[in-house]
Amino acid sequence: MEDTIVKPEELKGILDCDLLMIRTGFFKFRQSDIYRLNNPGISSLSAEWLRRKHPHIKAIGIDSISVSSFQHREEGRRTHQILLAEQGYPGCPMLLIEDMDLSFNNGKLLKVYVVPLMLEGVDSMPCSVIGEYE
């Protein structure tokens, strides 16, 4: 999955959800340079498709350092702009939860709590993500 872009056709089977978690398997490279220099990302076409077809989604989580692939910076900027846009799309902007550990498979996820460390003057922040399972 190194240096790839998630395309709309790869998301076609998603279910109705509040939180879409994209498990690329890339988290296994977290302790190496490949994790930040060759990470997978989400295409701007996928971002457009998600905003238009799934406006009920409140957040997207990914097991990559960013929804923007380091190798495809302009595409990643456009993806961020689309997912975070407040106008021009149905629904609310989508919260981005990047750098998640999605290596688990513990059954049916019932609830997810995202607890950010609130810092003044920044547009991103570290957070703890806690899942409640059936």
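The exercises below work through pockets, a surface patch, salt bridges and backbone features of a predicted model.

**Exercise 1. Describe the largest pocket: what is its volume, which residues lie nearest its centre, and which strands supply its lining?**

Step 1. Begin with the volume, which for the largest pocket comes to about 560 Å³.

Step 2. Turn next to the lining, which is made up of 20 residues, with Cys-17, Asp-18, Leu-19, Leu-20 and Met-21 lying nearest the centre of the pocket.

Step 3. Assign the lining to secondary structure: at least two residues each are supplied by β2 (19-22), β5 (95-97) and β6 (109-116), and the largest share, five residues, comes from β6.

Step 4. Sort the lining of the largest pocket by class, which gives 14 nonpolar, one polar and five charged residues.

**Exercise 2. Carry out the analysis for the second largest pocket: how many residues line the pocket, and which element gives the largest share?**

Step 1. The second largest pocket has a volume of about 460 Å³.

Step 2. Its lining holds 14 residues, and those closest to the centre are Leu-95, Leu-96, Asp-123, Ser-124 and Met-125.

Step 3. Helix α3 (73-84) contributes at least two residues to this lining, as do β5 and β6, while the largest share, three residues, is that of β5.

Step 4. The class count for the second largest pocket is ten nonpolar, two polar and two charged residues.

Step 5. Put the two linings side by side: β5 and β6 appear among the elements that supply at least two residues to the largest pocket, and β5 and β6 are likewise listed for the second largest pocket.

**Exercise 3. Locate the nonpolar surface patch and account for the place of Leu-95 in it: which residues make the patch, and why can Leu-95 be counted?**

Step 1. The patch covers about 200 Å² and is made by Leu-95, Val-114 and Val-129.

Step 2. Leu-95 sits in strand β5, and this residue is also one of those closest to the centre of the second largest pocket.

Step 3. A patch residue needs over 30% relative accessible area; Leu-95, which is partly exposed, has a value of 44%, and therefore Leu-95 passes this cut-off.

**Exercise 4. Trace the salt bridges around Glu-48: which residues are linked with Glu-48 in a network, and how are the partners placed along the chain?**

Step 1. The whole structure contains six salt bridges, and Glu-48, Arg-52 and Arg-78 are linked in a network of such contacts.

Step 2. Consider the pair within one helix, in which the side chains of Arg-52 and Glu-48 meet at 3.3 Å, taken from N to O. Because these two residues are four residues apart in helix α2 (44-53), about one helical turn separates them.

Step 3. Consider now the pair between helices, in which the side chains of Arg-78 and Glu-48 meet at 3.5 Å, N to O. Arg-78 belongs to helix α3 and Glu-48 to helix α2, so this salt bridge ties together parts that are 30 residues apart in sequence.

Step 4. Check the exposure of each member: Glu-48 is partly exposed at 21% relative accessible area, Arg-52 is partly exposed at 46%, and Arg-78 is partly exposed at 37%.

**Exercise 5. Analyse the salt bridge of Asp-18: which residue is the partner, and where do the two lie?**

Step 1. The partner is Lys-58, with the closest N and O atoms 3.5 Å apart.

Step 2. The pair links distant parts of the chain, 40 residues apart, since Asp-18 lies in the loop between β1 (5-6) and β2, and Lys-58 in the loop between α2 and β4 (59-62).

Step 3. Asp-18 is partly exposed, with a relative accessible area of 48%, whereas Lys-58 is exposed, with 53%; the cut-off for exposed is over 50%.

Step 4. Asp-18 is also among the residues nearest the centre of the largest pocket.

**Exercise 6. Examine the backbone of Asp-99: what is its phi, and where does the residue lie?**

Step 1. Most residues other than glycine have a negative phi.

Step 2. Asp-99, a residue other than glycine, has a positive phi near 65°.

Step 3. Asp-99 is placed in the loop between β5 and β6, and is partly exposed at 26% relative accessible area.

Note on methods: Residues numbered from 1 in each chain as written. Predicted model: local features only at pLDDT ≥ 70, side-chain atom pairs only at ≥ 80, totals over all residues. Heavy atoms only, no water. 1 Å grid on protein atoms, 1.4 Å probe; cavity = no way out; pocket = protein on both sides within 12 Å on 5 of 7 lines; lining within 4 Å. Points joined across faces, edges and corners; volume = space filled by probe spheres on them. Nonpolar A, V, L, I, M, F, W, Y, C, P; charged D, E, K, R; others polar. Patch = residues over 30% accessible without salt bridge, like charges linked within 9 Å, V, L, I, M, F, W, Y side chains within 5 Å. Areas by Shrake-Rupley, 256 points an atom, 1.4 Å probe, with all protein chains shown as cover. Salt bridge = Lys/Arg side-chain N within 4 Å of Asp/Glu carboxyl O. Buried < 20%, exposed > 50% of the residue type's maximum accessible area, 1.4 Å probe, protein only.
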